[in-house]
Number of protein chains: 2
Amino acid sequence: MARSFGQYCGVSTALELVGERWALLIVRDLLVGPRRYTDLKQGLPRVPTNILSARLRELQDAGIVRRVALAHCGLVYELTPYGRELEDVVLALGRWGFKAMGAPEDGDVVTIDSLTMALRTAFRPDAARAQPDTAYELHVGDVALLATVANGALAVRPVANARPVDLVAATGEAREPQLVIAAGPRIRDVIAGTLAPDAAIAEGAVHVLAGEAALLERFAATFHLDPEVAERAS
Amino acid sequence: MARSFGQYCGVSTALELVGERWALLIVRDLLVGPRRYTDLKQGLPRVPTNILSARLRELQDAGIVRRVALAHCGLVYELTPYGRELEDVVLALGRWGFKAMGAPEDGDVVTIDSLTMALRTAFRPDAARAQPDTAYELHVGDVALLATVANGALAVRPVANARPVDLVAATGEAREPQLVIAAGPRIRDVIAGTLAPDAAIAEGAVHVLAGEAALLERFAATFHLDPEVAERAS
DNA sequence: CCGGATCCGAATCGATACTG
DNA sequence: CAGTATCGATTCGGATCCGG
């Protein structure tokens, strides 16, 4: 399959399976849920279609992705259980890369799936448990999603939902968001802890559309990546 | 620098910085300690020298690696604090890839650094704390290292050491290993939990060179990757 | 519209040779 | 020891096309 690194080692084995360009971004999107070919292409606007289909085939051959035909609804790709275990890898990568993010390049997009995984990356279960359950509605660019924090667990779903309302009701996730905010790229700085919530509002980096502005403090405490000072013996 | 994925996202940022071929394997080796160019080339026998120097330059430009001139001892490359934070990423990748490892391909090598990181990947601090402190000497292929477990912490160093003996004594790591074993690739199965210690000895997958064979049970409990059954709601 | 396959120029990688 | 230089082999990117 992929060119070998010539090592009998877990890291090199992993990189042979998911180290090719675009592969882990496909996995990232599939970690949010099963996706159709077209969904993936839309969520990864810069991936050439031949690369997307090549990666999907390789991921299937490796037992990471499975292709499922839905009754009367077309095809979806979904992670196998083994593929879902890549969550730790993607979260670790996201956590590390988040700190290196500067201002967005021209033409950079924020997608529903990437924002969903970013929220999962930054989510602090213990910080969440220390505060009242809250539902946040977050708008970034033309992406909008509802993040519901309850009992130390996080659920994220798109807000302009294609899902039937009764499904939402059934999962008990439906609830009026206590805070609705619209943010630009500097929401990253709020989560990274380099921009205080009140400063973010004062500077217009975050707009409160509904709810009490003070709840942004709770948001920032719940979704937070600490500097992790990296004091370690070499 | 690298071609952009066109997303404002932590995962894609990380992949732009360390997603190129060989980059994370270089980081893996540097996580064990500072290395000279020649050390890296030896630990990554299949990397073309032009790629190695290109990656080292890119990693330096990204602030992940630093090039340090030692007094009268040449140059070494070492991770910056930010680079050292990639440990979580490399360990997560190693843990995941370890389970996908089959039999080694022809010509696959096991290096000191890859084996050291594999032991770190599989190390269970709580399992270690539940048992007496132990020093293991492990030979795989032509690689030999000493893994010292004390107070729930792991220290690994090469056994045919170029380091002065008094340095070893100063760090308190020096101690006669209670168990010395020589193993082939199937040591992987012992760590993965698919080959029981006594069966490994019976089948000749692991040879006990010194110490009590029963200590291999302790080794297997200390260095272990559980199946992590991945039962999760899709 | 969905789910790709095909073609081709550009960029990257791999192998080897060579240099201060 | 610490890399450059070169060049053929691969892979990637962009665009187009095609069957359902």
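How much of chain A is made up of buried residues? In this predicted model, the share comes to 47% of the 234 residues in the chain. Chain A is built from twelve helices and seven strands. Its contacts reach well along the sequence: taking those with a separation of 6 or more, 61% are between residues 24 or more positions apart.

Next comes the place where the two chains meet. On each side the contact takes in the following: 61 residues of chain B touch 61 residues of chain A. Together the chains bury about 5700 Å², and carbon and sulfur atoms account for 61% of that area. The interface also has a polar part, with 14 residue pairs in polar contact between chain B and chain A, counting pairs in which both residues have a pLDDT of 80 or more. As for where chain B's side comes from, helix 1 (10-18), helix 2 (23-32), helix 5 (81-84) and helix 6 (87-100) of chain B each put in at least two residues. Helix 6 of chain B gives the most, with twelve residues. Sorted by class, the side of chain B that touches chain A holds 33 nonpolar, 15 polar and 13 charged residues. Two salt bridges cross between chain B and chain A. One pairing across the chains is that of Glu85(A) with Lys99(B), whose closest N and O atoms are 2.9 Å apart.

Turning to the nonpolar interior, the largest core counts 67 residues, and Ile64(A) and Ile64(B) are the ones with the most contacts inside it. Helix 2 of chain B provides the largest share of this core, seven residues. Leaving out residues up to four places away in sequence, Ile64(B) has a neighbour from the other chain, Trp96(A), as well as contacts within chain B. Among the chain B partners of Ile64(B) are Leu17(B), Val18(B), Val27(B), Leu59(B), Leu79(B) and Leu86(B). The list for Ile64(B) also takes in Glu78(B), Thr80(B) and Gly83(B).

Over all chains, the salt-bridge count comes to 22. Side chains of opposite charge can pair when their charged atoms come close. In chain A, Asp29(A) and Arg28(A) form one such bridge, with 3.0 Å between the closest N and O atoms. Neither residue of that pair is exposed: Asp29(A) is buried at a relative accessible area of 0%, and Arg28(A) is buried at 0% as well. Asp189(A) pairs with Arg186(A), where the closest N and O atoms are 3.5 Å apart. Here Asp189(A) counts as buried, at 17% relative accessibility, while Arg186(A) is partly exposed, at 36%. In chain B, the side chains of Arg35(B) and Asp113(B) meet in a salt bridge, at 2.8 Å from N to O. That bridge ties together distant parts of the chain, 78 residues apart: Arg35(B) sits in the loop between helix 2 and helix 3 (37-43) of chain B, and Asp113(B) in helix 7 (residues 112-122) of chain B. Both Arg35(B) and Asp113(B) are buried. Back in chain A, salt bridges with shared partners join Arg186(A), Arg188(A), Asp189(A) and Glu203(A) into one network.

The backbone has a couple of spots worth a look. Most residues other than glycine have a negative phi. Trp22(A), though, has a positive phi, near 80°, and is not a glycine. Trp22(A) is found in the loop between helix 1 (10-18) and helix 2 (23-32) of chain A, and is buried at 6% relative accessibility. In chain B, Trp22(B) likewise has a positive phi, of about 80°. Trp22(B) lies in the loop between helix 1 and helix 2 of chain B and is buried, with a relative accessible area of 5%.

Last is Arg129(A), which belongs to helix 8 (residues 125-129) of chain A. With a relative accessible area of 55%, Arg129(A) is exposed. Setting aside neighbours within four places in sequence, Arg129(A) is in contact with Asn151(A) and Gly152(A). The C-alpha atoms of Arg129(A) and Gly152(A) are 4.7 Å apart, although 23 residues separate the two along the chain.

Definitions and conventions
Residues are numbered from 1 along each chain as its sequence is written. Chains are lettered from A and ligands numbered from 1 in the order in which they are written. This is a predicted model: local features need pLDDT of at least 70, side-chain atom pairs count only at pLDDT 80 or more; totals for chains, interfaces and linings use all residues. Side-chain values use heavy atoms; hydrogens and water are left out. Contact means heavy atoms within 4.5 Å. Buried area is the accessible area (1.4 Å probe) that two parts lose on being put together, summed over both. A salt bridge is a side-chain nitrogen of Lys or Arg within 4 Å of a carboxyl oxygen of Asp or Glu. A polar contact is a pair of N or O atoms within 3.5 Å; within protein, one must be able to donate a hydrogen and the other to accept it, and residues adjacent in sequence count only if both atoms are side-chain atoms. Helices (H or I, at least four residues) and strands (E, at least two) are DSSP runs, numbered from the N terminus. Ala, Val, Leu, Ile, Met, Phe, Trp, Tyr, Cys and Pro count as nonpolar, Asp, Glu, Lys and Arg as charged, and the others, Gly among them, as polar. A nonpolar core is a set of buried Ala, Val, Leu, Ile, Met, Phe, Trp, Tyr and Cys residues joined through side-chain atoms within 4.5 Å. Buried means under 20% relative accessible area, exposed over 50%, partly exposed in between (1.4 Å probe, protein chains only).
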